[in-house]
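Here is a short tour of a protein model for you to explore. Take a moment to turn the structure around on screen before reading on.

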Amino acid sequence: MGKKVKKEVEPPPKDVFDPLLIESKTAATVVLMLNSPEEEVLAKACDALYKFASKGDENKVTLLGLGAVEHLYKLISHEDPIVRRNAIMVFGIMASNQDVVIHEFATLCLAHMAVEYTTKVQIFEQGGLEPLIRLLGSPDPDVKKNSVECIYLLVQDFQSRAAVRALNVIPPLLELLKSEYPVIQLLALKTLEVISKDGETRIILGENKGLDCLLKILETNEFSDLHVEALAVLGNCLEDVHTLQLIQQTGGLKKLLSFVGISTVPDIQKNAAKAITRAAYDSENRKILNEEEVEKCLINLLEIDNDGVKVAASQAISAMCENLASKRVFGLQGIPQLVQLLSSDNEEVKEAAVTALANLTAASPSNASAVAEAEGIEPLVNTLNAQRDGAIANAATVLTNLSMQEPFRVNIQSCGIMSALAELLHSTNSQVQSKAAFAVAAFGCDADARAELRNAGGLRPLIELLHSKNEEVRRNVCWAVTVCASDELTAVELCRLGALDILEEINLSTGRKNNFSEAALEKLLDNNLSQKYSRMGYLSSSNIITDGFYDCGQIKPGMKFLSLEELSMQELTDRRAIIFINAKPQEDVLAVEEKAQDSSYEQTILSPSITRKCSREKARKGKGKKEEEKMKEVTEVISKVHDEINLEKSHWLPPPDFILLDYINDATKTILPLTTTREQVVALAQFVADKMGGPIERDKLHDFGWELHISEIEFELKCNVVPIGKVKKGTFYHRALLFKVIADRIGIGCSLVRGEYNRAWNEVKLVDESPQGIAGLLLPPQEYIVDLTFEPGFLMKQGSAEADRYKRI
C-alpha cells in the first residue's frame, strides 16, 4: 500500500467576498440594515429592533423617528416567511404606542395581513375587530381608511359579519359616508354592501336612517362614482318587505326607479335589475314593485345595448312573473323584445331571455299566443341547439307551453320538433332530459309526431332514460311513454326496445314507482294486447281484440316475447299452439297489394304472389258450398301461404281466417238484434260452444280430445300458429277467446281472464232487470262468469260457488 497523500486545499475563488461580521451598537445603523438584500441580515435586524422596542415607549418613538416604519412596511410582504414574521413582530410591539402615526401604520399592516384567510382568523381571534371599529372615528383620515379597509376584508367571513353587528359598526360606517375622501366613502359602502346581506343588519341600517343616506348619494351627481356601490347596498335592503315598504312610503322607491330609468351607466342599470330580482323573490315585495310600475323600467332595460343589462333585466322579469298582474303587463309589452333576444350571439343573454319566456308562458295561453304572434316559434326551435343546458331546457318548456294550443302545436311540429327532441334525449343533463321528455309527451299526441320520433331514433334514448336516478326525469319519461304508446305501431316498438321489462321493474320498487310508471305500463299493454294477455292474463272490456291478436300462453319472467311472425317461422313443436285472430274481409286482403308502397303499412303487407294466390283461392269459393269444402279450401290457402312465407320472408301477414269472418257475420245477423244484453250474452255463449264442439259433460271432460285435434291442425299447417276458425274442438281458453273476439265486434262488453290448467273465462256486467223493493228500482250492474263449456249460456254470479268451481275444475 502506498502512503496517503495529503490533499491540497484549494484557494478561495477570487470573485467571492470574504464574510464580514458587523457589530452595531446604534439603532440607526440597524434601521439602515433593513434595506439589505440578504434575508439573514433582514431577519436579524428585525429581531434586534424588536428587542430594542420592547424595552420601553421611548425606544418605540426613537424607531419611529428613524423611519423604521417605512422600511418595516415593505418587509411585511417579503417572500421569506422569517423576515415577514419578524417585521410584523416589530410592528406589533410598536403599535402599543398610542401615537396617531403608529395607528396609521398598524392599521395599514393589519389591512395587508387581512388579505390572507389564516391571518383573518388570527386577527378575529385576537379581538382585532373592536379596536378597528373604534379607530373608524379617528381624526386621522389614513387611520380611517386603513381601518375600514381592514374591516371590509375581515367581514368577508361570516363570523366577522355577525361580530361587527354586535359591535355596532353601522353608525361609524354611515358617518364615513360624509367623508371628504372618496376612497373612504367607497370602502364604507363596500363594507355596508357585504354586511347588509344579513337581515338583522338591514334592520339596524334602517333604524339609523341609512336608507336616507344612500338615497342622497344617488341623488347627488357629484357622487356619481359611488352610485354603483350605493345601489348595491340598497339592493340588499329591498329584499325585506318592511324596508321596501318604508322606502315606498317615503317616495324613495319611485326615486330609485326614476334614477335607474335616466341613468346611462350599465353597471348601475345591471345592479338595479339584480336588486329587483332579489326583492321579487318575496310575494309582498312583488306587489309593491308592481304598484310602482317596475315593469316599465325592466322592459326599457331590455333595449339597452349591453349584454349584462339585458341578462339582469330578463332575470328580473322571470322573478316578477310570479305576480299575475306583472305577468299580464310583460305579456302585452315585453314578449317581442325577449323573442328578439333569442337571436343574440351571447349565450347568456339567450338563456336569460328564454327562461323569462318560459315563466311568462306558464299557465298563460294569452302570453303563449303573444310569443307566436311575435314570430317566436322558429327561434325557439333553434334555441334547442344552444350551447347552454339552461337555454335548451327552457326552450323546450316554452314550446311545450305553446303546444297546448293546437294551431301552434301544428306549426311547431312542422319545424321538426320531434327530431330535435330525439337529439336532446341523449343529453347528460337531467334538466334537459326532463324537459325534453315532457315535450315529447306534449307533442306525442299527434300520430305524425310519433312517426317522426320513431324515424329519428328517439324511442331508444327515451326508454334508456327510464333507468334515470332522477325522479322528475323518470316521471316525465313515463308520461311520454304513456302518450307515445297511443298507437299500436309505437307501442310494439317500445316493447321491442324493452320498455315493458323496465317499467315492470320500476313498478316493483316502492321507491321508484309512481302513478305515471303504472299508467305507462298499462297504456303500453293496452296497445299491445297480445303481450298484455301473455303477461297479465287479463283483458278488460275496454281492451278490444283486433286482427293480429294472438294468444301464445302465459310468458315466463325473463323470457322474450316473440312476434307472431317470429313464432310462425319456428319449427313445428309439441308445445301449446299459438291461436291468432285475423278476420279481415276479402276486400281488405285484396287491398293489401295496393298498399305495398305505403311505408306506414310496411309492417303488415303481403308479398304480391301471396296476395294473388289468396285472392284466386277465395274467388273459387261458391256461396252454396258446404262447410267441409270451405274448410278444405281454407286449409289449402293457409298451407300455400306458409309455403310462400318460407320462400319470401321479407314481409309477412297472418293469412286471413275466413271462417272467423263468417262467425262474426252470423253473430251480427242473429245475436246483435236481440233486445237485451243478457239475451245477447246467452245466445253468443251457445253460439261459441256450438262452433267449438258443443257442450261437454263434466265427468267426460278428459275424453273430449281437444289436444289431439289441435295437434292435427298444426301438423296439417306445418306451423305452430293456428287461426281460431280452424279450431272445432276447443277447450276453455279457446272458447273464452272466441267469445271475447265476437263480443268485441258486436258491442258486448266483456273481459277475458286466464286461469290455471288451460282455464279461461269471460266476465260480463249485467243489470238485474227484476224489480227489487220499490217497483221499477234496478240494482247496480252485477258481474257474471259465462259458462261456455258445461251449460253454455249459464251465468254465474262472480264470487258464487258455481263461478269458483268453473274457474278451478
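The briefing below starts with the whole protein and then visits a helix, a sheet and some cysteines.

This is a predicted model, so please read every value as computed from it. The protein has 46 helices and 8 strands. Of its 809 residues, 50% count as buried.

**The whole protein**
- The accessible surface comes to about 40300 Å², and carbon and sulfur atoms account for 51% of that area.
- Take the contacts between residues at least 6 apart in sequence: 65% of these join residues at least 24 apart.

**Helix 16 and its two sides**
- Helix 16 spans residues 241–249, and Thr243, Leu244 and Ile247 in this helix are buried.
- Why do the buried residues of helix 16 line one face of the helix? Looking down the axis of helix 16, you would find them within an arc of 100°, so they share one face.
- A little background helps here: an α-helix has 3.6 residues a turn, so residues three or four places apart point the same way.
- Which exposed residues sit on the face of helix 16 turned away from its buried side? They are His242 and Gln249.
- The buried residues of helix 16 pack against four neighbours: helix 14 (210–219), helix 15 (227–237), helix 17 (252–262) and helix 19 (283–291).
- Just after helix 16 comes glycine 251, which takes a positive phi of about 80°.

**A sheet of 3 strands**
- Look for an open sheet of 3 strands, in the order 2-3-4, with mixed pairing.
- Its edge strands are strand 2 (550–551) and strand 4 (721–723), each of which pairs on one side only.
- Strand 3 (residues 578–580) runs parallel to strand 4, and 3 bridges join the two.
- Within this pairing, isoleucine 579 of strand 3 stands opposite valine 722 in strand 4.

**Cysteines**
- A disulfide is a covalent bond between the sulfur atoms of two cysteines.
- How many disulfides does the model have? The count comes to 0, with a cut-off of 2.5 Å between the two sulfur atoms.
- Cysteine 109 shows the reasoning: the closest cysteine sulfur to its own belongs to cysteine 150 and is 9.3 Å away, which is too far for a bond.
- Is cysteine 109 buried or exposed? Cysteine 109 is buried, because its relative accessible area is 3%, under the 20% cut-off.
- Cysteine 213 has 23% relative accessibility, so this residue counts as partly exposed.

Conventions:
Residues are numbered from 1 along each chain as its sequence is written. This is a predicted model: local features need pLDDT of at least 70, side-chain atom pairs count only at pLDDT 80 or more; totals for chains, interfaces and linings use all residues. Side-chain values use heavy atoms; hydrogens and water are left out. Two strands pair if DSSP finds at least two bridges between them. Buried means under 20% relative accessible area, exposed over 50%, partly exposed in between (1.4 Å probe, protein chains only). The arc is that of the directions from the helix axis to the C-beta atoms. Contact means heavy atoms within 4.5 Å. Accessible areas come from the Shrake-Rupley method with a 1.4 Å probe; for residues, only the protein chains shown count as cover.
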